[in-house]
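Trainee: I'm new to this one. Could you walk me through some spots on the surface and in the loops?

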Amino acid sequence: MAEHSVTMEATLKALLDNKKYSTLKDILVTMNGADIAAVLEEINEEKITLLFRLLPKELAAETFVEMDPEIQELLIKGFSDSELRQILDELFVDDAADIVEEMPANVVKRILAQADPQMRKEINEILKYPENSAGSIMTTEYISLRPKMTVEEAFVRIRRLATDRETIYTCYVTEDRKLLGVVTLKDLLLANDDDLVSSVMDENVIAVHTFDDREEIAQLLSKYNFLALPVTDTDDRMVGIITFDDAMDVIEEETTEDIERMAAMLPSEKEYLRSGVLDVYKQRIPWLMLLMISATFTGMIISGFENALAGMVVLTAFIPMLMDTGGNSGSQAAVTIIRSLSLGEVEFKDIAQVVWKEIRTALLCGATLAVACFGKIMLVDHLLLRNDSVTMLVALVVCLALFVTVLFAKVIGCSLPMLAHKLGFDPAVMSSPFITTIVDALSLLVYFGLAKGVLGL
């Protein structure tokens, strides 16, 4: 598939260079808008507008939506007013709103000037909602039916509105904009022509509100396998729908943000290759600075036990292993819980159950690692390497510290993301690097505390 894409891209570039526009157009009309957008991003900027103008109106609109904002801005600046108006006429309102949101003020002004009054009104309506709300990703282009319509009248209305609506497979029954029920195209096809829509519709409708969190709504669509969800305002009037494709975009964006936060980076809105060095620097340096400062506590703990370490230098050899195991144990628990919170599998009320499960898991993991570590120390360090400083008591201290560290790490790793979620923060903030720093400090305190108690340092 990848080889086919590369070959197609090379063919289109060659046809464009040789000015074979007729052949080029014949190939383009057989392609998907997303694939054409990918090709446009790889060709020279001065040829992008030329290639785009070869596309039919509907395909041009599909392609335009799939492009990066930088390419969209480049095209808009090269469009005549009539060309821009044609593209806007083919766009769904939610897609137009997304484009407006990404454009600089001078480009936005031009887009709104060329949009028809109704589209301009609907774009402004969507843009007034908070960025992470249902209202910000909804579309106002849906099929509404009246309850007293016959099925035959419903089909007449659907045919008349179909070309301008984002989906026609799910229709909504409203009266004075109040949502009464939902009916699918399948329901209508199986009903008699003279049946009333009210007798066919399903009154048990799951609806969301304009200010609901968009990530939760995306999960709701995924959970119930809906093609769309109706959106109502504070007065319970229907104002739009959220379609499955928009929900997929939200899930992808939120998952990317979580991964970036778990890797101790600020979320970026740009693709990696389109981000400048300064952008990447700004994205990474805040967390690196914070983690560097917090890691000084680890150094302070080691310095505090410097005299004890001088009396038994062999203990320092096991510090990296202890800290790495603790950090990895905490990271495992943290990543599992962050993902479960993101998918709605656990909530804060489940914290006792989660902690108890992680404690039992930690006891098993800790005991297994401690036994394996004891065998490794006595067989490899003591017998094979003939290190007389590694005694059975030293091995016991290391293994006990390892066991306790794994226990602490698992509990911290599972509880901190849940506490963050409860306080209204993104649980991904309590990511692996952050938890690792805390666990490192605790593991050293446990290790040196046991060394003083057992070895009498």
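Mentor: Sure. One term before we start: helices, H or I with at least four residues, are DSSP runs numbered from the N terminus. Keep in mind that this is a predicted model.

Trainee: Which helix holds glutamate 252?
Mentor: Glutamate 252 belongs to a patch of negative charge on the surface, together with residues including Glu58, Asp98 and Asp249. Among the elements that give two or more residues to that patch are helix H5 (57-66) and helix H8 (93-102). Glutamate 252 itself sits in helix H15.

Trainee: Is glutamate 252 buried or exposed?
Mentor: The cut-off for exposed is over 50% relative accessible area. Glutamate 252 has 54% relative accessibility, so it counts as exposed.

Trainee: What is the area of the nonpolar surface patch that includes Leu379?
Mentor: Leucine 379 lies in helix H20 (residues 351-384), and it is exposed at a relative accessible area of 52%. It makes the patch with Val380, Leu383, Leu384 and Leu385, and the area is about 510 Å².

Trainee: What is phi of arginine 177?
Mentor: Look in the loop between strand S2 (170-175) and strand S3 (178-184). Arginine 177 is partly exposed there, with a relative accessible area of 42%. This residue isn't a glycine, yet its phi is positive, near 65 degrees.

Trainee: And where is asparagine 225?
Mentor: Asparagine 225 is another non-glycine with a positive phi, about 55 degrees. At 64% relative accessibility it counts as exposed. Its place is the loop between helix H14 (214-224) and strand S5 (228-232).

Key
Residues are numbered from 1 along each chain as its sequence is written. This is a predicted model: local features need pLDDT of at least 70, side-chain atom pairs count only at pLDDT 80 or more; totals for chains, interfaces and linings use all residues. Side-chain values use heavy atoms; hydrogens and water are left out. Patches are made of residues with over 30% relative accessible area and no salt bridge: like charges are joined within 9 Å, nonpolar side chains (Val, Leu, Ile, Met, Phe, Trp, Tyr) within 5 Å. Accessible areas come from the Shrake-Rupley method with a 1.4 Å probe; for residues, only the protein chains shown count as cover. A salt bridge is a side-chain nitrogen of Lys or Arg within 4 Å of a carboxyl oxygen of Asp or Glu. Buried means under 20% relative accessible area, exposed over 50%, partly exposed in between (1.4 Å probe, protein chains only). Lys and Arg count as positive and Asp and Glu as negative; His and the chain ends are not counted. The place of a charge is taken as NZ of Lys, CZ of Arg, CG of Asp or CD of Glu.
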